[in-house]
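Reader: I've got a structure to go through before I set anything up. Can we take it question by question?

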Amino acid sequence: SVKNMHSSRGSRALWARDAYLLTTDTHRGREVRLWDSRKLGSALGSVSVSDSSGTLIPMFDADTGLLVVSGMGDPIFDCFEVTASEPYLSQVSHFLATTPTRGACAVPKMAMDTLSCEVMRVFQLTDSCIVPISYQVPRKSSQEFHADLYPDTAGRTPAQSAQEWWKGENAQVDKVSLNPDKQPKAKASNPTALPKKLQSGRSKEEAVPGLSASSSPLSSASSSAAPSRSPSSSSGLSTGPGPRPAPAPAPAPAPGPSQSVKAIQNLMGPSSKFRHIQGSVRHRDTHITNLKALNLTTPGESDGFCTNAQRVAVPLSTPGGQIAVLELSKPGKLSDTFLPTVQNTVNVADLCWDPFNPRRLAVAGEDAKIRVWTVPEGGLTETLTEPDLLLQGHTEKIYSIRFHPLASGLLVSSSYDLTVRLWDLGTGQEVKVLSGHQDQIFGLGWSPDGKLLATVCKDGKVRVYDPRKSTAPVEEGPGPGGHRGARVVWVCKGEYFLVSGFDSNSQRELSLYSVGALASGPLATTEGDVSPSTLIPFYDPDTSLLFLTGKGDTRVCIYEIVPEQPYFLECSSFSSQEPHKGLTFLPKTACDVREVEVARGLILTKTTIEPVAFKVPRVKKEYFQDDLFPETAVWWESSLSSSDWLAGSNGKHRTIKLRPSDMAPVSEAPKEVPVKKYMPSSYYLEEKTDEQKKDELLSAMVAKLGNMDDPLPQDGFEGVDEDEWDD
């Protein structure tokens, strides 16, 4: 028996070469171990893979010794070479897919594209498609069979029957060659000789036009893996989408990639115009570095830090609940000796900037009090010790605080005392106490028009309040099934709100609710990966883009939310180099519209604050992309006072245009008439040999050099007669 297998979350085992055994373990991080079955006291070697809670799926190829592992809920595929001597397990490549893995399997060796030096292929099952991932060894000569990569492999003919095995007989499956020249030629002249599935006129590969087991038009996977070793003497192992199939024989032409893409799009439904959005960290000159003593223990209900257009506030782990307030206009390395802070006196539970006053910071403490601070013009130059305002009323620790989106000086808070309270900062008084929660309040959020307040609770309910009409909820419905945390954010002009939480199996999920129909449950739900941190949602009302990430994640998932099926349109994701501790976004005016930047965020790491630009690739960047940049709300200006709102008045933000005066909108750009290029039929029908290509190349070179029979220039020079030379 194998000892020291501590995982309670799932392990796998499979045989490797000869008497060796491979196991995967998910205890204290995930790792792969190699054992000698003749001596199972301790593992020969082990290697750690990406840290997550999903069970690892191992896929091993006995011919090459390649092992590919991926975890449930992960987008990562790690490839290792397994040997019977040290180092036993060595990493070959690291491939990052675009979507999480729901399942994975290896393709049989007989299906490899040997002429493309493909040594292994795996299939990744995602939420909406199956993605082939190919592992190829680069070789200079293509379309040739390399025998050193392909030893004879186990064939498809069984070695013995079940009865023979029960009697004690042992036999091995006969080996077959993978050399295409040694494969039997299929005779297709007689339809009765074909397999039955082809006689029916529609094979499994023909189920979707243009889609085959070896092509990958549906896959958006890409890899920049840096291989370290190869199973052969070649230069490395490349990873990426599956190989392109060989041309189909005439007369029926194989469907082109565009046909395949169209077929896949028809199956998968509508796509987002932001699907190719790209996130990139901006230049280091814009970073704030040398940030020390970052507080990594802020509650899960808090974003961890907050920002406005001018400055960012970051809780520190130093005694006294200190908060660093850093000016965005002054990037660079922070001082090692002195950093002025806000002295909150108790540990910070949550904090947020007043959207209408960039100098006012509200901080909720673990002592059930809210302190309101005012940062001096130009930033902190000395430590602040006395708040401008102290709000008291909660009897237990506060979860989270949020400013009203329209009314100035109006703040809402939730607490362990199971109440939600509204505060008027103008008077420093509590004005409303909302009740009805039976357990911990995970999150709350104001509707865009500021009329309603939504909450999500540990008691399994989502609630909507109209605070000016009643202290009890006006509507409630079933919430997430898990009890590990949740967030709520309003989307689609306030007609819906979205809850990010966990299901009953502790898997992260997103649920979309329609206001007015909460009792019937969510309209749509999409599953995420397995991770202990709650997904923090950030919604951009201009583009309907939803950005999602959790504390400790390296990936930012992006969706476009639409008010009709399928509701969630998945876009490209952004991955950072190391786990981030928080993510927040700047006002829309911070975006560079000339570079089609639709959002700009700030990522908090252990020691830095780094701006990230999210851009949409466009061809005509000289034009203003008015389809991506509608008029944006001036949400940093209040539309009414807290007293007016409490009296029943409602407001609305004014909007501004983001188009620079010197840019014309792309909607007014002149339409280009497409020019269709026609190639001669010979271009498609004739396949030139290597010798023909060489002859054409030599002819072109000779034509540039000129005719060899032409006289050289020096032949035309006049010389000197012999009698003119001096003796």
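Reader: Where is Thr345 found?
Author: This is a predicted model, so keep that in mind throughout. Thr345 has a positive phi of about 75 degrees, even though it isn't a glycine. As for its place, Thr345 is in the loop between β21 and β22 (348–354).

Reader: Which other residue, not a glycine, has a positive phi, and is that residue buried or exposed?
Author: Most residues other than glycine have a negative phi. Ser544 has a positive one, near 60 degrees, and sits in the loop between β39 (536–540) and β40. Its relative accessible area is 18%, and the cut-off for buried is under 20%, so Ser544 is buried.

Reader: Which residues does a cis peptide bond join?
Author: Most peptide bonds are trans. Here, a bond with an omega of about 10 degrees is cis. Its proline lies in the loop between β41 and β42 (568–570). The pair joined is Gln565 and Pro566.

Reader: How far can I trust the coordinates, say in terms of mean pLDDT?
Author: Start with the weak spots: pLDDT stays under 50 over residues 186–235, a stretch with 95 contacts in the model beyond four places in sequence. Residues 242–267 are also below 50, with 32 contacts beyond near neighbours in sequence. Across the protein, 78% of residues reach 70 or more, and the mean pLDDT is 81.

Reader: How many helices and strands does the protein have?
Author: The chain runs to 727 residues, 46% of them buried. Among contacts with a separation of 6 or more, 53% are between residues 24 or more positions apart. The count is 6 helices and 49 strands.

Reader: What share of the accessible surface belongs to carbon and sulfur atoms?
Author: The accessible surface of the protein comes to about 38,000 Å². Carbon and sulfur atoms hold a share of 51%.

Reader: Which residues make the nonpolar surface patch of about 310 Å²?
Author: Take Met701 to begin with, which is in helix α6 (residues 690–705). A patch member needs over 30% relative accessible area, and Met701 has 46%, so it clears that bar while counting as partly exposed. The patch is made by Leu697, Leu698 and Met701.

Reader: How many disulfides should I put in my topology?
Author: Two of the cysteines have different surroundings: Cys105 is partly exposed at 40% relative accessibility, whereas Cys129 is buried at 14%. A disulfide needs two cysteine sulfur atoms within 2.5 Å. The number of disulfides in the structure is 0.

Reader: How many residues apart in sequence are the parts that Asp336 and Lys292 tie together?
Author: Those two form a salt bridge, with the closest N and O atoms 3.1 Å apart. Lys292 is partly exposed, at 46% relative accessible area. Asp336 lies in the loop between β20 (332–333) and β21 (341–343), and Lys292 in the loop between β16 (288–289) and β17 (306–307), so the sequence separation is 44 residues.

Reader: Are Arg508 and Asp553 buried or exposed?
Author: Their side chains meet in a salt bridge at 3.0 Å, N to O. The pair links distant parts of the chain, 45 residues apart, with Arg508 in strand β37 (residues 508–514) and Asp553 in the loop between β40 (545–549) and β41 (555–561). In terms of accessibility, both are buried.

Reader: What about Asp627 and Arg618: how far apart are the closest N and O atoms?
Author: Arg618 is partly exposed at 24% relative accessibility, and Asp627 is partly exposed at 35%. They form a salt bridge, for which the cut-off is 4 Å. The closest N and O atoms are 2.9 Å apart.

Reader: How many salt bridges does the count come to?
Author: Some of the charged side chains are linked in a network, one of these being Asp61, Asp63 and Lys109. The count for the structure comes to 25 salt bridges.

Reader: Last one: which residues does Thr584 touch?
Author: Thr584 is in strand β44 (residues 582–585). With 11% relative accessibility, it counts as buried. Leaving out residues up to four places away in sequence, its contacts are Phe305, Thr307, Phe538, Gly601 and Leu602.

Definitions and conventions:
Residues are numbered from 1 along each chain as its sequence is written. This is a predicted model: local features need pLDDT of at least 70, side-chain atom pairs count only at pLDDT 80 or more; totals for chains, interfaces and linings use all residues. Side-chain values use heavy atoms; hydrogens and water are left out. Patches are made of residues with over 30% relative accessible area and no salt bridge: like charges are joined within 9 Å, nonpolar side chains (Val, Leu, Ile, Met, Phe, Trp, Tyr) within 5 Å. Accessible areas come from the Shrake-Rupley method with a 1.4 Å probe; for residues, only the protein chains shown count as cover. Helices (H or I, at least four residues) and strands (E, at least two) are DSSP runs, numbered from the N terminus. Buried means under 20% relative accessible area, exposed over 50%, partly exposed in between (1.4 Å probe, protein chains only). pLDDT is the predictor's confidence in each residue, from 0 to 100. Contact means heavy atoms within 4.5 Å.
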